[in-house]
Amino acid sequence: MDTRWKNRFIIVMIMVLFAFGASGVLAVLINAREYANPDYFHTAEFRSEMDQYAGYLELYELNNVTIEKAKEAIELTEEEINEHRYRYGTLPEQIDSIKSQYEPRIEEAKAENSNEIAKSLKDQMYKKIEDVTKNFESDEHVRTKVIKEKEEKLEEFYKEKEQLRDQYDYYKDSFTYYFKDTATGEVYTNLTLAKNESPDEVMDKEMLYHTDYTMDKDYFLNFIIGGYDEFNQALVESQSGYFKGQIGLAKNLPDSNMFIDRNNHFKQKQTVLLIYGGSAILAVIAALIAARKSKALSAEIKRWEPLYNKMPIDLRITFLGLTAIGSILALFLVNDFLIDSYNFLSRVMELIIVLLGASVVCGMTIVQLKYIAGEFKDLESAKSVLKKSLMYRAASGLKTSLQEAFLNRSTGTQLFVVLLIIFGMGMGSIIMFFHPLFVLFYILVLAFAGIPLVMALIRRVGYFNRIVKTADELASGHMGQDLPVKGKGVLASLAGNMNVLKHGVKTSLSEQAKSERLKTELITNVSHDLRTPLTSIITYTELLKSGEVSEDDRSAYLEIIDRKSKRLKVLIDDLFEVSKMATGNIELRKERVDLVQLLQQALAEHDNAIRESNLQFRVTKPDPPAIANVDGQKLWRVFDNLIGNILKYSLEHSRVYIALAKVNGQAVITFKNVSKYELDDQSEELYERFKRGDKSRHTDGSGLGLAIAKSIIDLHEGNLDIDTDGDLFKVSISLKLEE
């Protein structure tokens with residue numbers, strides 16, 4: 001426990017030393033230029049104060065022209081007379097302007113029977129017209145008016161001058177001056193000179209600080225009271241020469257004098273800054289050495305690094321920026337306590353709190369810099385980090401959104417055009433405040449563009465909501481009416497696709513129901529066809545095991561068991577073969593085979609059964625051979641299965657038609673017979689495994705014949721189609737012939 005607290009204390013001390021050192025270095029960098037001066041009197045601040053005093057001194061002491069002399073010195077030029085005369089245009093223009101101002105008011109007064117007011121307004125109008133006319137007739141008339149204007153402006157100058165006298169009094173008791181007019185030799189001073197004493201000797205002996213100073217005679221017009229340059233001649237006694245002399249601060253000024261007080265504080269801050277800067281450098285060095293040697297600090301930094309690095313890089317940089325700003329503000333606050341506070345000893349507790357706060361934010365800033373620098377050690381890691389940033393994700397998301405918005409260019413373009421129009425109309429509403437005419441223009445735009453656009457948007461939104469509602473109904477399994485397809489836009493295309501999808505769902509549900517039914521029948525049929533021979537085998541085996549059967553019965557039973565076993569083997573073999581064909585796990589051994597000859601072999605194999613049946617076979621085949629690249633054994637199996645089915649399921653005393661023809665490079669083999677069982681027009685279901693035309697399942701077929709046949713033909717890239725018309729059953733096989 002002691003070690004832990006010791007490590008924490010070391011870390012805190014390192015942070016405090018570094019913060020103190022950083023604040024001191026910052027204070028030196030900020031204040032070094034100002035406090036490198038020997039005293040306050042050499043600073044820019046004091047120079048500015050002295051320039052202000054010089055301006056006020058010239059205004060009130062060195063160039064004190066009375067208002068009467070200034071008015072007497074007013075001069076008027078021909079340009080000024082013409083400027084006043086044509087200030088408001090030519091004579092006709094000015095007369096028209098006066099009439100336009102008064103005549104409506106006169107007419108209004110007459111309409112209200114206010115004859116006295118009308119007469120008064122008319123007199124004022126004629127008086128102004130007469131005055132304007134005289135302006136163009138007499139220069140003296142204009143001269144009198146212009147001089148009066150100038151005199152009024154001079155009076156404003158002297159009023160402003162009196163208002164600024166307090167500013168002069170603010171400096172008056174601090175400075176000592178000695179100035180001479182270089183043109184007239186006249187001296188202006190508040191310096192007491194004994195006989196035979198020169199002002200330079202007195203300044204050197206009695207002044208704490210003094211400096212030479214020179215200024216033009218219109219200096220006060222440029223730096224104290226502006227806007228009166230036209231009165232330069234009237235307000236300055238003599239245009240020639242300038243004022244040259246000295247300005248100083250006497251040694252006998254009390255410590256309470258503002259400039260003496262500022263100088264004392266300046267020297268105090270110089271001493272503090274020197275001590276502060278030196279100790280700050282030592283503190284930084286000590287903090288760096290301690291940080292390098294401290295294992296506790298290194299362990300604490302590594303402890304928080306994984307947690308910190310989980311944040312996106314832009315969020316980390318934001319936190320870094322905030323702590324950096326906080327560090328700078330905190331360091332400035334420390335500087336304020338140690339440099340700018342006149343008595344920081346009375347605020348030691350506040351200083352400690354501020355210093356600790358600065359230590360924390362500075363420490364956080366440095367640690368974050370170390371963490372982030374480690375993430376950017378090479379280009380690849382930098383790319384990886386940036387790709388995880390929030391801004392990168394947002395930019396990628398925006399890019400994806402824009403790409404998706406323009407997947408259909410028409411829709412994306414329409415969207416942005418609509419947004420642009422809406423934004424433009426919103427900005428356009430501002431023009432209504434410039435002129436009433438724009439209100440009418442904006443209303444017209446709103447009526448012919450805005451309202452139709454809103455109506456179109458409402459219709460599109462309604463159409464879209466209808467599509468969404470239909471999609472929800474479709475998702476819940478409810479098949480409603482088809483959506484109306486309006487126009488050729490993307491919503492119309494979507495509505496059309498929804499209709500197609502709805503019909504597809506209906507078909508899929510129908511097929512699913514059919515598949516479930518066929519699956520149930522498949523399980524039932526497989527169970528029946530496998531259980532029937534198996535039951536016979538078990539039954540007759542039990543009878544044989546009883547030992548109570550005669551020799552003749554034993555032979556009969558064994559014959560039945562043998563026949564049922566072979567029947568069971570055929571069923572299992574057929575099922576296994578169909579399974580292999582369905583998975584494609586079967587290999588064809590293709591060779592050139594004459595399909596006519598192969599069909600004849602299959603018929604010859606069943607020749608005895610055909611002769612014993614009461615069916616009449618009609619076989620049609622081409623004379624030239626029909627050569628195809630097929631697996632002869634597998635294709636013979638197809639013919640064998642189809643002929644076997646004909647013998648089993650054909651109606652007695654009916655005809656059977658078997659034909660082989662060449663059509664467009666294809667061999668087309670058809671088998672047609674009349675079924676003894678009703679087919680119910682469900683020809684597609686006859687492909688299903690264990691499906692028989694004999695629903696009672698009294699025949700010996702496995703129910704896999706057509707399924708096997710179709711699988712074999714599919715493996716040969718051919719087609720096997722079944723067609724029923726009432727009880728007429730037709731199988732068509734198409735195979736590609738060799739050229």
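These legends accompany several close-up views of a predicted model.

**View 1. An open sheet of four strands.** Let us start with the sheet whose strands follow the order 2-1-4-3 and pair in the antiparallel sense. Strand 2 (187-189) and strand 3 (207-215) each have a single partner strand, so these two stand at the edges, with one side of each left without a neighbour in the sheet. From one strand to the next, the twist averages 10 degrees. Inside the order, strand 1 (residues 175-181) and strand 4 (residues 243-250) run antiparallel and are joined by seven bridges. If you would like a pair to centre on, take T176, whose bridge partner in strand 4 is G248.

**View 2. Strand 8 and its pairing with strands 6 and 9.** Here both kinds of pairing can be followed from one strand. As a reminder, strands of a sheet pair through backbone hydrogen bonds, either parallel or antiparallel. Strand 8 (residues 655-663) pairs with strand 6 (residues 616-620) in the parallel sense, over five bridges. In that pairing, A659 of strand 8 stands opposite T620. With strand 9 (residues 666-674), strand 8 pairs in the antiparallel sense, this time over seven bridges. I658 has F671 of strand 9 as its bridge partner.

**View 3. The turn between strands 8 and 9.** Moving along to the turn, we find that strand 8 and strand 9 form a hairpin, with two residues between them. Which residue in the turn has a positive phi? That residue is N664, with a phi of about 50 degrees.

**View 4. A nonpolar patch on the surface.** Eight names are worth picking out here: V25, L29, I30, I281, I285, I289, I328 and F332 make a nonpolar surface patch of about 730 Å². Helix 1 (2-35), helix 12 (258-293) and helix 14 (313-340) are the elements that give two or more residues to this patch. L29, for one, is found in helix 1.

**View 5. A patch of negative charge.** Next comes a charged part of the surface, where E93, D96, E103 and E107 gather in a patch of negative charge. E107 has its place in helix 5 (residues 91-111).

**View 6. A salt bridge within helix 6.** The last view shows K119, which forms a salt bridge with D123; their closest N and O atoms are 3.4 Å apart. Both K119 and D123 lie in helix 6 (residues 115-137), where they are four residues apart, about one turn of the helix. For context, a search of the whole structure finds 22 salt bridges.

Definitions and conventions
Residues are numbered from 1 along each chain as its sequence is written. This is a predicted model: local features need pLDDT of at least 70, side-chain atom pairs count only at pLDDT 80 or more; totals for chains, interfaces and linings use all residues. Side-chain values use heavy atoms; hydrogens and water are left out. Two strands pair if DSSP finds at least two bridges between them. Patches are made of residues with over 30% relative accessible area and no salt bridge: like charges are joined within 9 Å, nonpolar side chains (Val, Leu, Ile, Met, Phe, Trp, Tyr) within 5 Å. Accessible areas come from the Shrake-Rupley method with a 1.4 Å probe; for residues, only the protein chains shown count as cover. A salt bridge is a side-chain nitrogen of Lys or Arg within 4 Å of a carboxyl oxygen of Asp or Glu. Lys and Arg count as positive and Asp and Glu as negative; His and the chain ends are not counted. The place of a charge is taken as NZ of Lys, CZ of Arg, CG of Asp or CD of Glu. Axes are lines fitted to C-alpha atoms, for helices over the stretch in contact, and angles run from 0 to 180 degrees between N-to-C directions.
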